[in-house]
Protein chains: 2
Amino acid sequence: MLDVARLADVSLQTVSRVSRGRTNVEASTRDRVLAAMREIGYRPNRAARALKSGRFRNIAVIASVMSSYGSIQWVSAIALEAARAGYSVTLVALESTEPQAVARSFDALAEHAVDGVALLLEHHMLEEAGVSLPPGLPAVVLDSGVASPYPVIDNDQAMGARLATQHLLDLGHRTVRHLAGPEDSRAAEIRETAWRETLEAAGAPVPPTDRGDWSPESGYSAGLRLAADPDVTAVLAANDQMALGILRAMREAGRDVPGDISVMGFDDVPESANYQPPLTTVHQSFDRIGAACVSALVAEIERGERTSPSLVPVELVIRSSTGPPRA
Amino acid sequence: MLDVARLADVSLQTVSRVSRGRTNVEASTRDRVLAAMREIGYRPNRAARALKSGRFRNIAVIASVMSSYGSIQWVSAIALEAARAGYSVTLVALESTEPQAVARSFDALAEHAVDGVALLLEHHMLEEAGVSLPPGLPAVVLDSGVASPYPVIDNDQAMGARLATQHLLDLGHRTVRHLAGPEDSRAAEIRETAWRETLEAAGAPVPPTDRGDWSPESGYSAGLRLAADPDVTAVLAANDQMALGILRAMREAGRDVPGDISVMGFDDVPESANYQPPLTTVHQSFDRIGAACVSALVAEIERGERTSPSLVPVELVIRSSTGPPRA
DNA sequence: AACGTGTGTGTTAGCGCAAACATGGCACAC
DNA sequence: GTGTGCCATGTTTGCGCTAACACACACGTT
C-alpha cells in the first residue's frame, strides 16, 4: 500500500479511499492511484481491513445434513446471494448430528471470522447439544415453526402438505395415507400436521401415519406394507426419495401407479420428473429462501435491523404419479 | 485479551501462548488463564491473528456445478476434512459457467482471505475465462487428466469405466453401448476413452457413442433411441442420472432390464439402489478425495510441499440392472 | 473584510495479536 | 562458588489498514 502511495504520490489514506471506492477523491488522483495499484499488483489485505473495521464480510452456514437435496440447494442459494451482497460464505459442515459433534462445530464457529450465521439445522439439535451462538452474533434459522430467538425463514411446508393432500382428495380419493419423516424432524412434523388438518377439514378419515427416515429404503419398506393394504388408494410421502422407494415397492407388489395407487412426493428433486412414473410433488423455491436469508442477515449486520420471520410459498407440480382412484 | 491477562495475573504473551496451545507454559498458569478466558468469555480475534501471522487458516472451494451429486459430495468432504485440520472453508459458488461469471468469481476470490484454493471445475473453463489465481496461492484441481500447473486429485474414473465395461463383457455381452457426458466435460471424456479402450482390448466391436448432458432427460431421450435398436444388449451411462432416464425409456418401450438390456450407471448416488431395477454402478470415494485434497493443500500452505497428482480407486457396485444377454 | 461551508488531501493513532528478544530463576557440572 | 544452559514468563514492536481529526484552499454569504 505504501508503494502504491509513493508511486501515485499521494498519502496512504488516499490509497485507502480509492480502494474502498469512496467518492471524495478527485478523478485525476483516483486514476493515478488505480494505475499505481495495477502496476504494483496491489491487493488489499482482508485481515487488516477486518481488524480495523470489526467486520469480516463473511457469513457462516452451518448445515447438518449436506446429503439431503434441500440443504444443498439452500447452501448454494445462500452462497450465490451472499456473493452478490459482497459477502463470502464459510461452510461449517457437521460430521453428524450427535450432540457432541454439534457442540464441537459450534466451538469452532466461535473462532471463525464471521459476522452472521445461517443455521440449517433442526432447532432441537441446538438444545440437545447444549450450545448457543456467541451472544450478539446475528443469525437466521432456516426451519419453520420453531420458537427461536432468531428470525426464521423457510418454505411454507404446511402450505405444501395442504396443497398435496387437497390435490389427492380433489381427485376423488376417500382419504390419503402419509409416510412421514423421522419424529425428530420439525419439517416432518409440520408436513404431517398439515396433512392431518387438511383431512380433518375435508371430513376425511385420518388413517395412521407411517414413518420413514427420508431414505428411499425406508420408503421402500413402508411401500411394501402399504401395497399389501387394499384400502390404500393414495399416499403422500414427506419427501421425494421416500416416494421413490414407495414406487419401487408398488411395482414389485404388482400395484399400478397411479392406476391402483396415487403416490406424491415433496421437494421436487430434479430426478423426480424421471421416476417411474414421473412424480407429482411439491416444488420449493430455494433461491428465494437464499435471498431472504442473506438480506435478513445483512440487514442485521449492517443496520441492526431484525427481520420478522417469513415463509416462502411453494407450488404443486402435477406429473403422472397421481390420478383418480379406480372406480 | 488484556482483561484475561489481568484476571489471571499474567502477561498478554502468556495468554496468547495458552490460547494457541503452546506447551511452554506451566500447568498451573495454564489453568489460571483458561479459567479467566472462560469467565470473561474471551474469543481470539481471527482477523488480528491472521494479520499478524499472514495466515487465514481458510481455504476456498470454487465449485461450478453445485447441482451435481459429485460436487456436493466433494464440497462436504472437503469441509469436514478441513475442519479436522483446523481450517475453515469458504464456498465460492459460480452463478454459471459463462466465462464472465467465472472471471467475476475469481476477481472476488483475489480479495478473499484464503490460504489455498480447491478448484472443482473443468479446467478448460479457467482458460476460456482467461483468469488465473493470484500467483503463489496454493491450489489443487479436482479433475482428472488435465495438464494443470496445480496438483490434480480425482477418483480413478478411467478405472471405473474399465471395470464397468469389463463387467458387462464378462456377463457375455458382445459389446457395450456408451451414453457419454457432454463433450466439454473432462470426466465424460475420460470415461468414454476408458470404455472404448476396454472394448478394443477385448476385441469387441466399438459402437458409436451416444451423448447426453448428465440429466435424466437426456438419458431418457437417448434411452428411447437405444430401445429401438434390437442389437443393443448392454448400455453404460456416464452417470446415474442418465441411467435413470434410460431405465424409464426402456420401461416405456417395453424392454426389460436386465432381461432384454443391461444398464449401468456411474457415481452410485444414494438413490440408485432404489431405481427400477436397482442400478449396477461405480462407487466413488468422496471422503477420501476430500481428505487427499485438504492434506495436499495444507502441506503446501504450511510446509511449501507440492503433492504429486493422485487417483483414488473406485469400486464396482453390482445390483440388479445388469445380467447376461438373452440367449 | 470577516465568516462560514464544503471539498480534497495528509497525519496520527490504534485495532488484537504474536514474533523476537529480554529477563530472571533454577538445576546442574565443574 | 562460579559458570552454563534451560525453562517459564514478560516487554516491545509492528503486521496493514482505516477512523478521526487536521489542514489548506476555493467558494459564497453576511
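User: Before we start, how are residues sorted by class here, and how many of each class does the surface near DNA strand C have?

Analyst: Ala, Val, Leu, Ile, Met, Phe, Trp, Tyr, Cys and Pro count as nonpolar, Asp, Glu, Lys and Arg as charged, and the others, Gly among them, as polar. Please keep in mind that this is a predicted model. Sorted that way, the surface near DNA strand C has eight nonpolar, eight polar and eight charged residues.

User: Thanks! Which helix gives the most to that surface near DNA strand C?

Analyst: Both chains take part: α2 (12-19) and α4 (46-53) of chain A, and α2 (12-19) and α4 (46-53) of chain B, each supply at least two residues. The top contribution is four residues, and it comes from α4(B).

User: What distance separates a phosphate oxygen of DNA strand C from a backbone N or O atom of A:Ser11?

Analyst: A:Ser11 is among the closest of the 24 residues that surround DNA strand C. Of the strand's atoms that come within 4 Å of the protein, sugar and phosphate account for 59%. One phosphate oxygen lies 2.8 Å from a polar side-chain atom of A:Thr14. For the backbone N or O atom of A:Ser11, the distance to a phosphate oxygen is 2.7 Å.

User: Which residue has a side-chain N or O atom 3.4 Å from a base nitrogen of DNA strand C?

Analyst: The closest residues to DNA strand C include A:Lys52 and B:Arg49. The one with a side-chain N or O atom 3.4 Å from a base nitrogen is A:Lys52.

User: And what kind of axis relates chain B to chain A?

Analyst: A turn of 180° and a shift of 0.2 Å along the axis lay chain B on chain A with an RMSD of 0.4 Å. That is the relation of a two-fold axis.

Technical notes. Residues are numbered from 1 along each chain as its sequence is written. Chains are lettered from A and ligands numbered from 1 in the order in which they are written. This is a predicted model: local features need pLDDT of at least 70, side-chain atom pairs count only at pLDDT 80 or more; totals for chains, interfaces and linings use all residues. Side-chain values use heavy atoms; hydrogens and water are left out. Copies are superposed by least squares on the C-alpha atoms of residues with pLDDT of at least 70 in both. A residue is near a molecule or strand if one of its heavy atoms lies within 4 Å of it. A polar contact is a pair of N or O atoms within 3.5 Å; within protein, one must be able to donate a hydrogen and the other to accept it, and residues adjacent in sequence count only if both atoms are side-chain atoms.
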